[in-house]
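Here's a quick briefing on how some sheets and helices are put together. Have a look at the model first.

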Amino acid sequence: MQNTIINSATKKLSPFKTLTAEQENLVNDILSFTTKHIKQDYPAIFTVYGDAGTGKSVVLAHFFNEIQVAARTKEDSPLYQTTNYFVVNHPEILKVYKEIAGDLPHLYKKDFTRPTSLINQLDKKDETVDVVVIDEAHLLLSRSDPYNNFTYNNQLVELIKRAKVVILVFNQYQVLRTKTFWTNKQLEKITHQCPHEDYHLTHQFRVNASDDLLNWFNYFTDEEKILPFPEDARHNYDFRIFDDAEKMRQEIVKRNNEVGLSRILSTTGYPSTLDGGKHYITEGKFKMPWDQYNYTSKPWAEIPETINEVGSIYTCQGFDLNYTGIILSPPITQIPGTNKLKVDPSKFTDIEAFKKRKDLFNDQELNEAKKRLFMNMINVLLKRGVYGTYIYAHDPLLRQTLYQNYQKLILSIIGDTNSFYQYY
């Protein structure tokens, strides 16, 4: 396996990566849509929907390279001498695109930017552009954020005002903060006011897990219930449940030594206990700090030293990992006597992610939105591991239930209690 694993995010998103027939057709459809509308005096919008790992970003990377080659070299193209930008509201992903641009002749690092930066830049010059490509559109601000220099009400609306064609990808299950709160309905209320096309990608490329296990992940986060693990949960996939976080960490370190790009991840809910300037997560013998701010040009997971940190949605969203060890934090518990889950927003420690929004929610609605955002966070983490996912739960009852279900799964496979621990 080691020889076939690609650990560079730039290679995974490179425009030289071979596309599937569906992806290639989609790139061509977006190109046709763009050339059709580029000369109009009103905006047009193409939206690609898809779950995590369905290849949305790869499609965008290929498309953007195509239009920039046309803009800079093809005098007979309707896109010749057009001004186009690629935006993403995620600093770690932006680093990857800028690195890709450094290796390709017709992509410039200045072509890639954050949404607020582009909006403010265009306002300063009183200019508009031709095409704006938006990766991770579910991360766009849907309210003002003066602290980050965004003084309008909605980033998507402002980008549409400043472009002839907008191409975006969106996944409502990756909406993680109230200030970037979106639903499909809210998105389409904006995009469907313009000439538009929508496309849904469904095939899972990232995670090698069975469809049944992926469905289990979705049921766990969408329905907030614990089902028995599917019989094929470990078919060509290293899926494990741990009752000891430190043992899980040790296994992740082993995977990292073997194939690289393996990390511990967790959700919010660990109170700040600063020790040497770092915020630690402690679970029994397990003690590791949260991810630190990444000042380097490399994505967090590609820095070798981050094997000694716990990653968050802010450092792993949008990225592949080979193996993940996921800690389900204190806000999620199992309701005694049932297979149902409970989320307690009072235990959230990421205050910034769950700020009040009077324009969208009353207090009760805000509470429900917080729960949904938290479960979205878990869903994002569950879909990072390409070759394996390990899980440990803070809540004793949830931990016991998951572990017992896992024991039943293994025993159904091997039929031998004495051989159970070979899976660790």
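One open sheet has five strands in the order β7-β16-β13-β8-β12, paired in parallel (two strands pair if DSSP finds at least two bridges between them; strands are DSSP E runs of at least two residues and helices H or I runs of at least four, numbered from the N terminus). This is a predicted model, where local features need pLDDT of at least 70 and side-chain atom pairs pLDDT 80 or more, while totals for chains, interfaces and linings use all residues. Residues are numbered from 1 along each chain as its sequence is written, and side-chain values use heavy atoms, leaving out hydrogens and water.

**Five-strand sheet**
- β7 (238–241) and β12 (310–311) are the edges, each with a single partner strand, so one side of each lacks a neighbour in the sheet.
- β8 (residues 262–266) runs parallel to β12 over two bridges, with Ile-264 bridging to Val-310.

**Six-strand sheet**
- Another open sheet, also with parallel pairing, goes β3-β2-β4-β5-β1-β6.
- Its edges are β3 (112–113) and β6 (196–201), each with a single partner strand, so one side of each has no neighbour in the sheet.
- β2 (residues 84–88) and β4 (residues 129–135) pair in parallel over five bridges, and Tyr-85 sits opposite Val-132 of β4.

**Helix pair**
- The axes of α8 (residues 211–222) and α11 (residues 363–382) come within 9 Å and cross at roughly 165 degrees (axes are lines fitted to C-alpha atoms, for helices over the stretch in contact, with angles from 0 to 180 degrees between N-to-C directions).
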